[in-house]
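Visitor: Please take one part of this structure and go through it closely. I would like to see how the pieces around one residue fit together.

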Amino acid sequence: MNNFCRLFRRGYATKYSGRVVTEMDNGRSFAVEVQVPNNQQVDPRGYPLPRRDLVCKVVNILQSKTSTSLDPFIELSDYLETLTLTLTLSEASEILKSLHSTSLALQFFRFCPASIPKFRHDCFTYNRILLILSKSSLPDRIDSVRRILDEMERSRVRGNISTVNLLIGVFGGGEDLERCLRLVEKWELRMNRYTYKCLLQAHLRSRDSSKGLEVYQEMKRKGYQPDIFAYNMLLDALAKDEKVDQAYKVFEDMKRKHCEPDQYTYTIMIRMAGKHGKSDDAISLFQEMLLKNLAPNLIAYNTTIQVLAMSRMVDKTIYLFSKMVENDCRPNEFTYSVILNVLASEGQLGRLDEVVEISKKYMNKGIYAYLVRTLSKLGHASEAHRLFCHMWSFHDKGDRDAYLSMLESLCKEGKVAESLDLLSKVHEKGISSDTIMYNTVLTALGKLKQTSHLQDLYEKMKQDGPSPDIFTYNILISSFGRAGRVDEAIKVFDEMENSDCRPDIVSYNSLINSLGKNGDVDEAHMRFKEMEEKGLNPDVVTYSTLIECFGKSDKVDMACRLFDEMLSEGCFPNIVTYNILLDCLERCGRTAEAVDLYAKLKEQGLTPDSITYSILERLQSGSHRKFRSRRQHPITGWVVSPLR
């Protein structure tokens, strides 16, 4: 045992050589100058291996934030001067690899040939910096690669096939890609399987499926086989460019070359078949995927369900949906949107309950909310309300988004009683009522001129909360004014002035419109002046509203003065403003002024609408009746009125 241990014992001693430089007369003491041995190790081929301690030291100098020198490269130069051996190419490559900053790596790459005697970059160090640049997020990354490549060619450094592969991956297309292919010839290289794969992907990233297909054909001639990722990328590009026949040929090649398609391959082919109306092919592809024991993922299920829905196969759509749930693949919002759309288009929304029942293990508040919102947007308020009620009874807590969507849908359909009932029950499911909810219902009540409910809801809001905001007050002013209850509109306006809210332009516009439309033009004009005194600049709506009020009161001169004031204040009238004033002038028989105003309208670059042409038609016919009935326009077929 001892002999065995001695035989394989590893020696740790280091041998030194030296010479005696000083010796005492008695011979008992002397000084020796020791020569430090060259301990740099080499690999089996004789190339020196990187000195790890040296690499770590250089990296620490460059990345140290506590360097004594403002420039770490000055400190690095001082350190390198102490070495008996210069920095090798493999060590430079390791240092580049270890630096965390791309810009610092570039600086070091430039530093080496400029500051280290006899140092000259080779193919491997160029590849290292190119690889670093390819992974960086620098804004001038491509230009930096071009500069490195120019420098490489000027230095007559011959690259290898890895250099070309890196460059193809960086550039991706265009003239740069052509340059890569010229370098293959210049450096007398042979493209390998990986090079062709890089070239194929570069063309496809540039959305050039034709050139990608050419590279694929060249690969086949060379006996190279793409991997599954390259195949899928090519198939996807061909499918998007609607090159259906070529896609099918590549798909068949893929199977013959024993590169088994995966779920993504079949998803691409199914989507393409469905897009071109080949639903039977899509179903066959899906079944083929199942026969190969490839479990469809969410994308595969959604794609096939969409194909079936596009072909209006409701029964098969719901059946596949049931299989999706049965195989524990959770549907997402896209799945439900596709099914909802096909049920709505085929008049079978009653089967939505069947869909909900199938996926009941996945039904949560979020899914219910999405279904309610989608049904509301599609205009199916009754179905949305029924589903909402189901959610309301099924879950202990409600979903605010679904609640608000349902409230908006009911209001849009004019179902005020249901809206008020829903608003009163909001607290039952732990949802706090907010101003948006109240404003939604108040707007609906105002449009239907149900002022008694409007007043009651406003009082409830003030008593129980939430507090009215600027939108609440503006809705109320406009609603009371529309219903002819001007006193109530003024009262709300006064309440707003005494609250934390302050009237804005919309508030004054609503009040001025309410006063003017109900015959109190002088009060409307006073509010207009009050608005200006408070520093609120009237807008085109303010001026147009007041001009219309003056016009309806036969105060045409006041309307014209206000129009001139509007222009002088830099507020440009729109086509509605011009139509209002044109109608005023035409009704009073001031034809010449109306013609001049129309010329001004054209100078401003506005496009006349049907109302403008209706007024012009009356001007030409010379009809200035003060009272006219609404009639159908002979050209457009629209029922037009001189005022909107």
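Guide: Start with Glu-151, which counts as buried because its relative accessibility is 18% and the cut-off for buried is under 20%. Keep in mind that this is a predicted model. Glu-151 has its place in helix H7, which covers residues 141–154. Leaving aside residues up to four places away in sequence, Glu-151 touches Phe-109, Arg-110 and Tyr-126.

Two of those contacts, Phe-109 and Tyr-126, also belong together as a ring pair. The structure holds twelve aromatic pairs. In this one, the ring centres of Phe-109 and Tyr-126 are 5.3 Å apart and the planes meet at 70°, so the pair is edge-to-face; the angle needed for that label is over 60 degrees. Phe-109 is in helix H5 (residues 102–115) and Tyr-126 is in helix H6 (residues 123–134), so the pair ties together parts that lie 17 residues apart in sequence. Both rings are covered: Phe-109 is buried, with a relative accessible area of 1%, and Tyr-126 counts as buried at 2% relative accessibility. Glu-151 of helix H7 therefore touches both partners of a pair that joins helix H5 to helix H6.

A second pair can be set beside this one. The rings of Phe-493 and Tyr-508 have centres 5.0 Å apart and planes at 70°, so this pair is edge-to-face too. Phe-493 sits in helix H27 (residues 486–497) and Tyr-508 in helix H28 (residues 505–517), so the link is between distant parts of the chain, 15 residues apart. Phe-493 counts as buried at 0% relative accessibility, and Tyr-508 counts as buried at 1%.

Other rings are arranged in other ways. Phe-73, Phe-108 and Phe-111 form one aromatic cluster. At Tyr-79 the partner is a charge: Lys-57 lies over the face of the Tyr-79 ring, at 5.7 Å from the ring centre.

For contrast with Glu-151, look at Gln-620 in helix H34 (residues 610–621). Gln-620 has a relative accessible area of 72% and is exposed, because exposed means over 50%. The C-alpha atoms of Gln-620 and Thr-591 are separated by 9.3 Å, and the two residues are 29 residues apart along the chain.

To return to the start: Glu-151 is buried, and its contacts include Phe-109 and Tyr-126, whose rings form an edge-to-face pair.

Methods
Residues numbered from 1 in each chain as written. Predicted model: local features only at pLDDT ≥ 70, side-chain atom pairs only at ≥ 80, totals over all residues. Heavy atoms only, no water. Phe/Tyr/Trp six-rings, centres within 6.5 Å; stacked < 30°, edge-to-face > 60°. Helix = DSSP H or I, 4+ residues; strand = E, 2+ residues; numbered from the N terminus. Buried < 20%, exposed > 50% of the residue type's maximum accessible area, 1.4 Å probe, protein only. Lys NZ or Arg CZ within 6 Å of the ring centre and 35° of its normal. Contact = heavy atoms within 4.5 Å.
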